[in-house]
Structures are given as structure tokens and as C-alpha cells.
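Let's take a walk through this chain together, starting with the big picture and then zooming in on a few backbone and side-chain details. Have the viewer open as you read.

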Amino acid sequence: MLLAVLLAACSGATVKPSGGVATEAPASAPSVAAAPATQAPSLPAESAPGEAAPGEAAPGEAPIGPTERARVVRIVDGDTIVIDRGHGQEKLRYIGMDTPESVKPGTPVQFMAREASAANAALVGGREVWLERDVSEVDRYGRLLRYVWLKDPTASGWLLVNLVLVAQGYAQVATYPPDVRYVDLFTTAQRGAREQGLGLWSEDRANDTSAPPAGSTGGARAGCDPAYPGVCIPPPPPDLDCADITFHRFEVLPPDPHHFDGDGNGIGCERG
């Protein structure tokens with residue numbers, strides 16, 4: 001009887017024990033662990049003042065430094081806002097980019113200035129924002145220097161306003177060391193906007209008679225070579241090396257008369 005039971009188990013046949021209830025002999029196939037349930041992504045948790053943003057993300061997808069929450073009180077222009085972070089109203093200047101002038105005394109309204117202000121207002125007007133500091137606290141005018149983030153229910157959950165304005169052609173890269181955390185992202189975004197002919201880089205620029213925005217290639221800046229938008233470097237002579245200037249990781253356009261872009265990737269003086 002024992003031999004019959006063993007033979008039946010090996011063949012996978014049904015065995016009827018003495019209790020009269022039919023049971024299936026277990027198959028000899030290898031076992032497979034159950035796949036873990038997939039958890040839907042959620043928005044990042046709020047970062048309190050002085051508290052690092054949670055989680056790891058690629059640069060530009062989420063803050064990589066401490067953030068603090070603020071409310072946007074007023075839009076000044078395309079790259080400047082007034083915020084309240086609990087200390088009263090403060091003027092804030094976006095890091096790493098520059099938009100055409102629309103409110104500067106003695107300066108005419110420049111090409112794309114109103115559009116840049118409107119784009120900035122559409123992004124952050126009256127909203128809660130999260131402020132990320134780089135190295136400097138304020139600029140020489142006493143304005144806060146910050147990257148400005150929005151909570152966004154799509155993609156990574158965050159939106160870097162400075163980067164969006166550059167990518168859409170409303171702003172251009174303006175590099176002021178030591179605040180250069182996202183300069184590579186901004187430079188890549190500006191290159192894309194220029195290649196697509198967006199905003200500052202559009203064909204409409206050629207037909208505009210207003211003063212050119214600082215750093216744009218649409219018009220010469222006194223004493224600044226147009227091959228280096230975003231910074232002001234005089235044309236040769238003399239021929240300058242990276243050691244002769246204070247700028248690092250800035251955009252370079254052909255013909256690069258000072259040969260700052262040795263590897264031809266569009267970024268000058270990458271080491272510094």
C-alpha cells in the first residue's frame with residue numbers, strides 16, 4: 001500500500017486517503033515569489049524652513065538643498081518678485097538667469113520684457129513657492145538670491161521656475177559665481193530655446209527696434225563680446241585665458257575668440 005501511494009505521488013495522480021476525500025498531489029514545479037505591489041507615486045513631503053527636501057532626484061527635478069516656504073506678494077518683472085516668508089515683504093531675484101528690462105529707470109522696455117513678466121506672473125503670481133538658496137544670501141542691491149520652486153503634481157512633483165523661464169525663451173543664462181549650482185541645466189535649456197527659435201531667440205527679434213536685453217546676441221553690449229551671452233567679457237585683444245576672468249561654466253557661441261571652450265561643448269571655463 002505504501003508503495004502504491006509513493007508511485008501515485010510521483011505521477012501527479014489523485015490519491016484518495018482513507019478519509020475518502022480526494023486530494024491533488026503537489027506538482028514538482030519550482031516556486032515563484034509573488035511580485036510586490038506597485039505603489040503609486042506621491043507628491044514630495046513639504047520641506048520646512050532649514051530642512052532638506054526629501055528623496056533623491058536628478059538636478060533640476062527637485063531641490064537638492066534646504067528649502068523654505070514663501071508666498072508671492074507681487075511680480076516686479078520677469079526675474080524679480082516680492083515674497084513674504086514670515087519676515088515681511090522682501091524682494092527676491094532669481095538666480096542664474098536674466099530677463100529683459102521692463103521697469104528699470106532710464107531704460108526703455110526691451111524686447112520680450114512684458115512677455116517675460118507675464119510668464120513669470122502666470123507661473124508664480126499669488127502662489128506658494130519654495131525657495132532654495134545657493135551660496136549667496138543677497139545680491140549687491142540687498143535682494144534675496146534664490147531658486148524658486150513650485151509643487152507640481154506631474155513628473156517629479158517639483159517645477160524649477162528659473163529653469164522654465166530659460167527653457168521657454170523668456171530668460172537667458174546669467175552666471176554670477178559662486179551661485180552656479182544649476183548652470184549646466186540652464187545652459188542646456190537656453191541652447192534648446194535658441195535652436196527652436198523661442199522668445200528671445202525668435203525671428204521677431206530682428207524686427208524689434210527696442211534696446212537689446214543684457215546678454216542677448218540680438219545686439220552688441222558695450223565692451224562685451226557677443227560670443228559669451230550671460231557674462232560680459234571684452235573681445236580680444238588681449239587674448240584672455242580662464243585664469244584671467246572670474247566667470248566659470250558660461251555659455252559660449254562661435255567663434256569663441258578667446259578659445260574658452262576647449263572641448264567644443266558650448267560651455268566655457270568648466271574647471272574653476
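What follows goes from the overall fold statistics to the backbone oddities and then to the disulfides.

Before anything else, keep in mind that this is a predicted model. The chain has 272 residues, and 43% of them count as buried. Its secondary structure adds up to 4 helices and 13 strands. If you look at contacts with a separation of 6 or more, 52% of them are between residues 24 or more positions apart. As for the surface, the chain exposes about 14800 Å² of accessible area, with 56% of that belonging to carbon and sulfur atoms.

Now for the backbone, beginning with the peptide bonds. Go to Pro-177 and Pro-178: the bond between them is cis, and its omega sits near 10 degrees. To find the spot, look for the loop that runs between β11 (172–173) and α4 (183–196), which is where Pro-178 lies. There is another proline pair to check further along the chain. From Pro-254 to Pro-255 the peptide bond is cis as well, this time with omega near 15 degrees. Pro-255 belongs to the loop between β12 (250–251) and β13 (267–268).

Next up are the phi angles. Which sign does phi take at Met-112? It is positive, near 75 degrees, in a residue other than glycine. You'll find Met-112 in the loop between β7 (97–98) and α2 (113–124). Is Met-112 buried or exposed? With a relative accessible area of 11%, Met-112 is buried, because the cut-off for that label is under 20%.

Cys-269 is another residue to stop at. Although Cys-269 is not a glycine, its phi is positive, at about 50 degrees. Cys-269 lies in the segment after β13. Its relative accessibility is 2%, so Cys-269 counts as buried too.

Cys-269 also takes us to the sulfur chemistry. As a reminder, a disulfide is a covalent bond between the sulfur atoms of two cysteines. How many disulfides does the structure hold? There are 2, and with the bonded cysteines numbered in sequence order, they pair as 1-2, 3-4.

Start with the link from Cys-224 to Cys-232, where the S to S distance is 1.8 Å. The torsion about this S-S bond is -80 degrees, making the link of Cys-224 and Cys-232 left-handed. The two ends sit in different accessibility classes: Cys-224 has a relative accessible area of 9%, so it is buried, while Cys-232 comes in at 37% and is therefore partly exposed.

Then there is the disulfide that Cys-242 and Cys-269 form, with their sulfur atoms 2.0 Å apart. The link of Cys-242 and Cys-269 is left-handed as well, with -90 degrees about the S-S bond. This pair ties together distant parts of the chain, 27 residues apart: Cys-242 is in the loop between α4 and β12, and Cys-269 is in the segment after β13. On the accessibility side, Cys-242 has a relative accessible area of 26%, so it is partly exposed, whereas its partner Cys-269 is buried at 2%.

Notes:
Residues are numbered from 1 along each chain as its sequence is written. This is a predicted model: local features need pLDDT of at least 70, side-chain atom pairs count only at pLDDT 80 or more; totals for chains, interfaces and linings use all residues. Side-chain values use heavy atoms; hydrogens and water are left out. Helices (H or I, at least four residues) and strands (E, at least two) are DSSP runs, numbered from the N terminus. Buried means under 20% relative accessible area, exposed over 50%, partly exposed in between (1.4 Å probe, protein chains only). A disulfide is a pair of cysteine sulfur atoms within 2.5 Å. Contact means heavy atoms within 4.5 Å. Accessible areas come from the Shrake-Rupley method with a 1.4 Å probe; for residues, only the protein chains shown count as cover.
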